[in-house]
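Here is a short set of exercises to work through with the coordinates open. Try each task before reading its solution.

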Amino acid sequence: MKESVKVLRFGSVVPISGSDFIREVSQAPSDVWVVVILYKEGIAECGVLMQCIDELATRYPATKFVKIISTDCIPNYPDQNLPTLLVYNNGAVKGNYVGLRSFGRRCTPEGVALVLCQSDPVLNDGQNRNEQSREAVIEGVRRKFIEKVVADHEDRDDDGSSSD
């Protein structure tokens with residue numbers, strides 16, 4: 001029980017400042033993956049990705065999610081590179097995703113999760129701390145993605161016409 005509480009310690013996107021970055025990201029424990037979103041208010045694409053990240057943070061409470069205004073993190077960071085996701089583990093950058101195009105044509109929580117899990121066990125549901133957990137997370141993401149595609153397709157078919 002204690003281990004479960006320890007693993008499920010995050011669950012939301014935490015705003016940080018430039019002075020918090022080293023402590024919250026670079027010095028995070030080696031068993032914690034940190035997803036950082038660089039953003040600015042008023043940029044529509046940032047809002048779209050932020051909605052996805054908010055949902056993923058809730059779904060994967062053992063992964064740490066933080067957000068920081070881009071220029072608080074990197075002075076003079078170009079707005080055309082926003083939003084940007086940085087993935088850290090053990091004090092090092094493990095992934096760098098610039099812009100919404102990194103996540104496919106439609107930016108959905110499932111699409112973002114699939115990209116994040118391609119090469120490393122970034123997302124952690126806190127259930128197990130092994131390779132099987134990573135595979136379970138990836139399989140769950142795939143299942144939700146397929147369910148969403150099917151539901152969207154069925155919604156389009158419910159326009160009153162029938163092919164019977």
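**Exercise 1. Find where Asn76 sits, then describe its backbone and its exposure.**

Solution. Keep in mind throughout that this is a predicted model.

- Step 1: Asn76 belongs to the loop between helix 4 and strand 4.
- Step 2: its phi is near 65°, a positive value in a residue other than glycine.
- Step 3: compare that with the usual case. Most residues other than glycine have a negative phi.
- Step 4: the relative accessible area of Asn76 is 75%, so Asn76 is exposed.

**Exercise 2. In the loop that holds Pro83, work out the geometry of the peptide bond from Leu82 to Pro83.**

Solution.

- Step 1: Pro83 is placed in the loop between helix 4 (70-73) and strand 4.
- Step 2: omega from Leu82 to Pro83 is near -10°, and this peptide bond is cis.
- Step 3: as background, most peptide bonds are trans.

**Exercise 3. Describe how strand 4 and strand 5 are joined, and what happens in the turn.**

Solution.

- Step 1: strand 4 and strand 5 run antiparallel and are joined by six bridges.
- Step 2: for one pair across them, take Leu85, which stands opposite Tyr97 in strand 5.
- Step 3: the two strands form a hairpin with two residues between them.
- Step 4: Asn90 lies in the loop between strand 4 and strand 5 (92-98), and its phi is near 55°, a positive value in a residue other than glycine.
- Step 5: is Asn90 buried or exposed? The cut-off for exposed is over 50%. Asn90 has 55% relative accessibility, so Asn90 counts as exposed.
- Step 6: now turn to Asn89, which lies in strand 4. Its relative accessible area is 11%, so Asn89 is buried.
- Step 7: leaving out residues up to four places away in sequence, Asn89 touches Ser30, Val32, Trp33 and Lys94.

**Exercise 4. Trace the parallel pairings that involve strand 3.**

Solution.

- Step 1: strand 1 (residues 13-15) pairs with strand 3 in the parallel sense over three bridges. Here Val14 stands opposite Val66.
- Step 2: strand 2 and strand 3 also run parallel, joined by six bridges. In this pairing Leu38 has Ile68 as its bridge partner.
- Step 3: add the helix. Strand 2, helix 3 and strand 3 make a right-handed β-α-β unit.
- Step 4: look at the loop between helix 3 and strand 3, where Pro61 is found. With a relative accessible area of 16%, Pro61 is buried.
- Step 5: check a long-range neighbour. Pro61 and Arg9 are 52 residues apart in sequence, yet their C-alpha atoms are 6.3 Å apart.

**Exercise 5. Identify the largest nonpolar core and follow the contacts of Leu49.**

Solution.

- Step 1: the largest nonpolar core has 44 residues, and those with the most contacts inside it are Val36, Leu49, Ile53, Leu85 and Val112.
- Step 2: the elements giving two or more residues to this core include helix 3 (44-59), strand 4 (84-89), helix 5 (109-116) and helix 6 (131-157).
- Step 3: not counting residues up to four places away in sequence, Leu49 touches Ile37, Pro83, Leu85, Leu100, Phe103, Cys107 and Val112.
- Step 4: place this in context. In soluble globular proteins, nonpolar side chains tend to be buried together.

**Exercise 6. Decide why Cys52 and Cys107 are not bonded through their sulfur atoms.**

Solution.

- Step 1: the closest cysteine sulfur to that of Cys52 is in Cys107, at 3.8 Å.
- Step 2: the cut-off for a disulfide is sulfur atoms within 2.5 Å. The distance from Cys52 to Cys107 is therefore too far for a bond.
- Step 3: a search of the whole structure agrees, finding zero disulfides.
- Step 4: Cys52 is buried at 3% relative accessible area, and Cys46 is buried at 2%.

**Exercise 7. Summarise the protein chain as a whole.**

Solution.

- Step 1: the chain has six helices and five strands, in the order α-β-α-β-α-β-α-β-β-α-α along the sequence.
- Step 2: of its 164 residues, 41% are buried.
- Step 3: among contacts between residues at least 6 apart in sequence, 69% join residues at least 24 apart.
- Step 4: the accessible surface comes to about 9400 Å², and 48% of this belongs to carbon and sulfur atoms.

Definitions and conventions
Residues are numbered from 1 along each chain as its sequence is written. This is a predicted model: local features need pLDDT of at least 70, side-chain atom pairs count only at pLDDT 80 or more; totals for chains, interfaces and linings use all residues. Side-chain values use heavy atoms; hydrogens and water are left out. A nonpolar core is a set of buried Ala, Val, Leu, Ile, Met, Phe, Trp, Tyr and Cys residues joined through side-chain atoms within 4.5 Å. Buried means under 20% relative accessible area, exposed over 50%, partly exposed in between (1.4 Å probe, protein chains only). Helices (H or I, at least four residues) and strands (E, at least two) are DSSP runs, numbered from the N terminus. Contact means heavy atoms within 4.5 Å. Two strands pair if DSSP finds at least two bridges between them. Accessible areas come from the Shrake-Rupley method with a 1.4 Å probe; for residues, only the protein chains shown count as cover. A crossover is right-handed if, with the strands pointing away from the viewer, the path from the first strand over the helix to the second runs clockwise.
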